[in-house]
Amino acid sequence: MIPRSTRQVLDGLKKKGFDVYLVGGCVRDLILRRTPKDFDVITSAELKQVLRIFSRCEIVGKRFPICHVHIDGTIIEVSSFSTSARKFGRDLSFDSERPIEFDDKDFVRWRNCLQRDFTVNSLMFDPFGKVIYDYIGGLEDIRKAKVRTTIPANRSFIEDCARILRAIRVAARLGFSFTRDTALNVKSLSTSIQRLDKGRILLEMNYMLAYGSGEASMRLLWKYGLLELILPFQAAYLVRSGFRRKDTTSNMLLSLISNMDKFLAPDRPCHTSLWIVILAFHKALSDQPRYPLAVAAFGLAVHNGGNMSEAINIARSITMPHDESFRELLENQNPDFSELKLEVQNIASSVKNALTDMTDEYHVSKAMAKYPRAPYTDLVFVSFGLYLKTCSIFECARKGRERGFVAKQGSKIDYDALTFGSLQELRHVFARIIFDTVYPLSLSNE
């Protein structure tokens, strides 16, 4: 299960006499028989020694340097025990004294594991000796399906508030629950994430929503009072819907994200603009419900690059029942071509307005006014460039047919293209998510 490129890095370091291990989330995922998002390597070699071993290698990062080893178009991250010790820089005297039975190698491994965020991420695997090193109960927490900080949660989250978002991400992806100490501090220290820079928040949100665990992430963000700080419009929708913090039912917002999740996985992510356009699309429908026929025609017009005649003709041929439980969908009518075309264009304009609201500080602060107990925030973490990229997905449904655009043929997804933001792939997947949500197959089979 270890990719060939990663194996080459492990073999190269081992042949030179260095200790080398897989570390972190990839070990956890291998134990759970899941596909790791990536493979992190740690070694006893200094970074300059790693640099000399591999021809295509570079040291990146000034404060906390690591090596990027380039093999077969893949980048393998390699860290050194020596630089990792400087990176974490934690006073271990608070946590634990060195166990007397440890030799020097045990001590180095133990110190590194203790300095990681969660016990399930603190495991080390020697791929040559086939040994898993677990010094702080990571295997037991995997068995119990628990997310626990490696040090007391209060101290861990104060030390680095980004760990709060990472805790949500890990729990959502694995389907784990928090230990009591971790849960209490995720909730009580939730507002501290406002100290993070916008780029970091976007990065963490992308890890949650673009890798196949979006619905679970949204539910946990809502449960622990984080959604209103990061996505206040979506939180406001849940409030209007009477959706409780521990609610297990669904709604159109969660259904859209769930249907997006079905296309994605840790090794098959999407471009950030896909989940942003889904949030904007849902906000537009929440603000002004639409006819299912018009929504279907909108999705088809997005898919084919604005060919309205084709989109409307295909939409009119749909005989499947729509999901009547969604308040965002009106009872179908049978408008003529001109009326339906105008409705599709209006949906596209509404999606753009919703996206503008979500990326405008004034409108975000107004949304936060609905939460009098929450601290004031006008957090906008979507850059202008990402806003424009997201608009390009659906603008064709408003402006008309794009010259030179060729709609995707067939259902197979090119995940490399989807990850890097191919307009053809983004439109294709977005349209399928819309269709799967409005016309779920479960209704057709009843």
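Visitor: Why does Leu139 count as partly exposed?
Guide: Its relative accessibility is 35%. Buried means under 20% relative accessible area and exposed means over 50%, with partly exposed in between (1.4 Å probe, protein chains only), so Leu139 at 35% gets the middle label. Keep in mind that this is a predicted model, where local features need pLDDT of at least 70 and side-chain atom pairs count only at pLDDT 80 or more, while totals for chains, interfaces and linings use all residues. Residues are numbered from 1 along each chain as its sequence is written, and side-chain values use heavy atoms, with hydrogens and water left out.

Visitor: What makes Ile31, Ile132 and Leu139 a nonpolar patch?
Guide: Patch members have over 30% relative accessible area and no salt bridge; nonpolar side chains (Val, Leu, Ile, Met, Phe, Trp, Tyr) are joined within 5 Å, like charges within 9 Å. Leu139, at 35%, clears the accessibility cut-off. Together the three expose about 200 Å² (Shrake-Rupley method, 1.4 Å probe, only the protein chains shown counting as cover for residues). Leu139 itself sits in helix H6, residues 138-144. Helices here are DSSP runs (H or I, at least four residues; strands are E, at least two), numbered from the N terminus.

Visitor: How do you know how many disulfides there are?
Guide: The count is 0. A disulfide needs a pair of cysteine sulfur atoms within 2.5 Å. Take Cys113: the closest cysteine sulfur, in Cys26, is 12 Å away, so a bond is ruled out. Cys270 misses too, because its closest cysteine sulfur, in Cys391, is 17 Å off. Cys113 has 0% relative accessibility and Cys270 has 4%, so both go down as buried.

Visitor: What makes Asp19 and Lys105 a salt bridge?
Guide: The rule asks for a side-chain nitrogen of Lys or Arg within 4 Å of a carboxyl oxygen of Asp or Glu. This pair has N to O at 3.3 Å, so it qualifies. Asp19 lies in the loop between helix H1 (4-15) and strand E1 (20-23) and Lys105 in helix H5 (residues 104-114), so the bridge ties together parts 86 residues apart in sequence. Asp19 is buried at 18%, whereas Lys105 is partly exposed at 47%. The structure holds 25 salt bridges.

Visitor: Why does the pair Lys283 and Asp357 count as a salt bridge?
Guide: Their closest N and O atoms are 3.5 Å apart, so the 4 Å limit is met. Lys283 lies in helix H15 (residues 272-287) and Asp357 in helix H18 (residues 337-358), so parts 74 residues apart in sequence are tied together. Lys283 is buried at 8%, and Asp357 also counts as buried at 17%.

Visitor: And what makes Lys352, Glu395, Arg398 and Lys399 one network?
Guide: Their salt bridges share partners, which joins the four up.

Visitor: How do you know that the span of helix H23 agrees with what it should be?
Guide: The expected span is 1.5 Å times one less than the number of residues. H23 (residues 423-438) has 16 residues, so 22 Å is expected, and its end C-alpha atoms are 22 Å apart. Its buried residues include Leu426, Val429, Phe430 and Ile433. The buried residues of H23 pack (heavy atoms within 4.5 Å) against several helices, among them H15, helix H14 (252-261) and helix H20 (384-394).
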